[in-house]
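Here is a model to read against its definitions. Each question asks what a term rests on.

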Amino acid sequence: LVEDGFDACKLVAAAGASYVARTTAYDVLELQKMIIEATEKPGFAFIDVLAACPTHYGRLNKMGTPAEQMLKIKEGTVPAAKAAKMSPEELKGKLLTGKLVDRNDREDYAVLYAKMAKEARGE
């Protein structure tokens with residue numbers, strides 16, 4: 001690798017996001033549920049969706065058909081609830097999926113801005 005990778009979900013969670021989740025394009029119903037939850041959550045929400053790239057990356061790296069690429073993605077992930085019961089060795093090379101952060105203690109930008117504006121007006 002030229003550059004070390006990083007987990008975008010961990011980065012966003014550390015930055016204080018109210019909602020962080022990861023799924024695959026393979027799990028369409030889970031993705032749909034996450035999108036609904038994220039749009040209803042106050043504050044910043046982030047969903048990482050793992051999907052195959054058969055037209056460029058997959059083809060250049062000889063990763064097989066689009067269907068084979070999707071199955072490889074599915075095999076490389078594990079639900080967060082299941083991961084809690086797995087050893088570090090079993091989790092090596094796997095990405096966690098599911099709802100990773102769900103905070104209810106944050107006010108969103110619009111609410112905080114309105115409070116700041118009200119305070120600045122002396123109200």
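Q: What makes the four strands an open sheet, and in which order do they stand?
A: The strands run β2-β1-β4-β3, with mixed pairing, and the sheet is open. Two strands pair if DSSP finds at least two bridges between them. Strands are DSSP runs of E with at least two residues; helices are runs of H or I with at least four, and both are numbered from the N terminus.

Q: Why are β2 and β3 called edge strands?
A: β2 (45–50) and β3 (77–79) each have a single partner strand, so one side of each has no neighbour in the sheet. From one strand to the next, the twist averages 25°. Such angles run from 0 to 180 degrees between N-to-C directions, with axes fitted to C-alpha atoms, for helices over the stretch in contact.

Q: How do you know that β1 and β4 pair?
A: Strand β1 (residues 19–24) and strand β4 (residues 95–102) share four bridges, in the antiparallel sense; the rule asks for at least two. Tyr-19 stands opposite Asp-102 in β4.

Q: What makes helix α2 a helix that packs on the sheet?
A: Helix α2 (residues 28–40) touches β1, β2 and β4. Contact means heavy atoms within 4.5 Å. The direction of α2 makes about 165° with that of β1.

Q: Why does Gln-69 get its label, buried or exposed?
A: Gln-69 has 5% relative accessibility, and buried means under 20% (exposed is over 50%, partly exposed in between; 1.4 Å probe, protein chains only), so Gln-69 counts as buried. Gln-69 lies in helix α4 (residues 66–75). Beyond neighbours within four places in sequence, its contacts include Ala-52, Cys-53, Pro-54 and Met-63.

Q: How many of the 123 residues are buried, as a percentage?
A: Buried residues make up 24% of the protein.

Q: How do you know what radius of gyration a compact globule of 123 residues would have?
A: The rule is 2.2 Å times the number of residues to the power 0.38, and the radius is taken over C-alpha atoms. That gives a value near 14 Å, but the protein has 18 Å. The C-alpha atoms fill a box of roughly 65 × 35 × 35 Å along the principal axes.

Q: What makes up the overall pattern along the sequence?
A: The protein has seven helices and four strands. They follow α-β-α-β-α-α-β-α-α-β-α.

Q: How do you know which residues enter these values?
A: The model is predicted: local features need pLDDT of at least 70, side-chain atom pairs count only at pLDDT 80 or more, and totals for chains, interfaces and linings use all residues. Residues are numbered from 1 along each chain as its sequence is written, and side-chain values use heavy atoms, leaving out hydrogens and water.
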